[in-house]
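Got your viewer ready? Load the model, switch on a cartoon with side chains available, and follow along one selection at a time.

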Amino acid sequence: MSSILVVGSVALDTVETPFARVEEVLGGAASYFSTAASLYSPVNLVAVVGTDFPQEYLEFFRSRAINLSGLQVRQGRTFRWVGRYHLDMNVRDTLDTQLGVYADFHAVIPPEYRDSALLFLANIQPDLQREVLDAMPQVRLSVLDSMDLWINTARSQLTEVMRRVDIMLMSEEELRLYTGCASVVAGARQLFSLGLKYVIVKQGSYGALLFGHDGSYFSAPAYPLEEVVDPTGAGDAFAGGLLGYLSTVEPGPDGRYRWEDLKRAVVHGNILGSFVCEDFSIRRLQRLTLAEVAARYQELVTCSHFDPNWLPPRSAATAPAG
Ligand code: AMP
């Protein structure tokens, strides 16, 4: 088991779906990530909250394997985000973002965090992600996430971070926005020119695609959820499942994770992403067990496996159709 360092937002979210609304509940990319990943391994959290941050949420983090030595509590307001979902819950509008204490935050990495093997740069200002990357040159694997806001307002800073990490996570829309490519495959190829080893394209309720710089490719199925209560944090819980799983396996002799492990990791990502959608905030993750993750893993194997031995009938193999 290796520990995982995460830097990202810890927030108070107000979320509206076509069916319900919650106000100022625990949110933020790093909150979702830490809750998901701590099912697998200890998580070292780097973030900031204001003095208005509810004590009960700090107590929740403390009740998990989430180290809070790198969580600063500063005079001022906690990061706040307000979002509204459409009936197609793959689509949402950000109504308000208030950085609060993140506006002038600089990460301080506690010495006990330095031996974290895996690093997740969750969604936050790219300059802050870079500072943490600078402070952790020895990590075994670095994974980066971002969002449309930073692609639009801090593109060059984001690109600088992308050049220095191993894996980039992007939603399909973010990939199009960043690359200008209509095709996901062409977009992923463009990202490899920055030096990334893998690109993972998140497709919301349709699953995720894993691309390797050597042309390797894997399509991970989504779990068919009947009722989506709130998709907020699905991308961050996805990352929590991905890095959480990888923290439980060793890389190969060349220091790289094995392709089969990367595939399993993406499936864990989809599973954690599916669970988080079943309730608001981190509520479903709070009561989630690895036994439930394992059951969903088997269901996905069953529903996505198909016969690899099909061949065209002899006559059809030689004659062109039509
Ligand atoms: P996801 O649904 O995976 O994209 O993550 C949603 C979470 O990201 C919410 O809990 C928000 O608090 C957080 N978030 C929204 N906008 C930002 C931002 N600009 N920077 C950092 N975190 C954000």
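## Stop 1: helix 2 and its neighbours

The buried residues of helix 2 pack against strand 2, strand 3 (21-27), helix 1 (29-37), strand 5 (66-74) and helix 10 (283-286). Helices (H or I, at least four residues) and strands (E, at least two) are DSSP runs, numbered from the N terminus. Before going on, note that this is a predicted model, where local features need pLDDT of at least 70 and side-chain atom pairs count only at pLDDT 80 or more, while totals for chains, interfaces and linings use all residues. Residues are numbered from 1 along each chain as its sequence is written, and side-chain values use heavy atoms, with hydrogens and water left out.

Select residues 55-63 to get helix 2, then pick out Y57, L58, F60 and F61, which are buried. Buried means under 20% relative accessible area, exposed over 50%, and partly exposed in between (1.4 Å probe, protein chains only). Which side of helix 2 are they on? They sit on the same side, because they cover an arc of only 155° around the axis; the arc is that of the directions from the helix axis to the C-beta atoms. An α-helix has 3.6 residues a turn, so residues three or four places apart point the same way. Now colour E56, R62 and S63: these exposed residues are on the face of helix 2 turned away from its buried side.

## Stop 2: strand 5

Next, select Q72, which lies in strand 5. Its relative accessibility is 14%, so Q72 counts as buried. Show side chains here and you'll find Q72 and R74 joined by a polar contact of 3.0 Å. A polar contact is a pair of N or O atoms within 3.5 Å; within protein, one must be able to donate a hydrogen and the other to accept it, and residues adjacent in sequence count only if both atoms are side-chain atoms. With neighbours within four places in sequence left aside, Q72 is in contact (heavy atoms within 4.5 Å) with A47, V48, V49, F105, H106, A107 and V108.

## Stop 3: a serine in a loop

Jump to S116, in the loop between strand 7 (92-98) and strand 8 (118-121). Is S116 buried or exposed? It counts as buried, at 2% relative accessibility. Its side chain makes a polar contact with the side chain of N44, at 3.0 Å. Not counting residues up to four places away in sequence, S116 touches S3, I4, L5, N44, M136 and V139.

## Stop 4: the ligand

Select the ligand and expand to residues near it (a heavy atom within 4 Å). You should get 20 residues, of which S9, D13, G28, G233 and D236 come nearest. Try these distances:

- From a polar side-chain atom of D13 to an oxygen atom of the ligand: 2.5 Å.
- From a backbone N or O atom of G28 to an oxygen atom of the ligand: 2.7 Å.
- From a polar backbone atom of G235 to an oxygen atom of the ligand: 3.1 Å.

How much of the ligand does the protein bury? Taken alone the ligand exposes 510 Å², and the protein buries 92% of that; accessible areas come from the Shrake-Rupley method with a 1.4 Å probe, and for residues only the protein chains shown count as cover. To see where the shell comes from, highlight strand 2 (11-16), strand 6 (79-85), helix 4 (148-153) and helix 8 (234-246), the elements that give two or more residues to it. Helix 8 gives the largest share, three residues.

## Stop 5: the nonpolar core

Now colour the largest nonpolar core, which has 111 residues. A nonpolar core is a set of buried Ala, Val, Leu, Ile, Met, Phe, Trp, Tyr and Cys residues joined through side-chain atoms within 4.5 Å. Label V10, L191 and L272, the residues with the most contacts inside this core. Helix 9 (residues 259-276) supplies the largest share of the core, eight residues. Zoom in on L272: leaving aside neighbours within four places in sequence, L272 is in contact with A36, L39, Y40, A237, G241, L285, L288 and V293.

## Stop 6: strand 13

Finish at A220 in strand 13 (residues 217-220). A220 counts as buried, at 1% relative accessibility. Draw a C-alpha to C-alpha line to V266: the two are 46 residues apart in sequence and 6.6 Å apart in space. V266 is also one of the residues that A220 touches, along with Y206, G207, A208, V267 and N270, not counting residues up to four places away in sequence.
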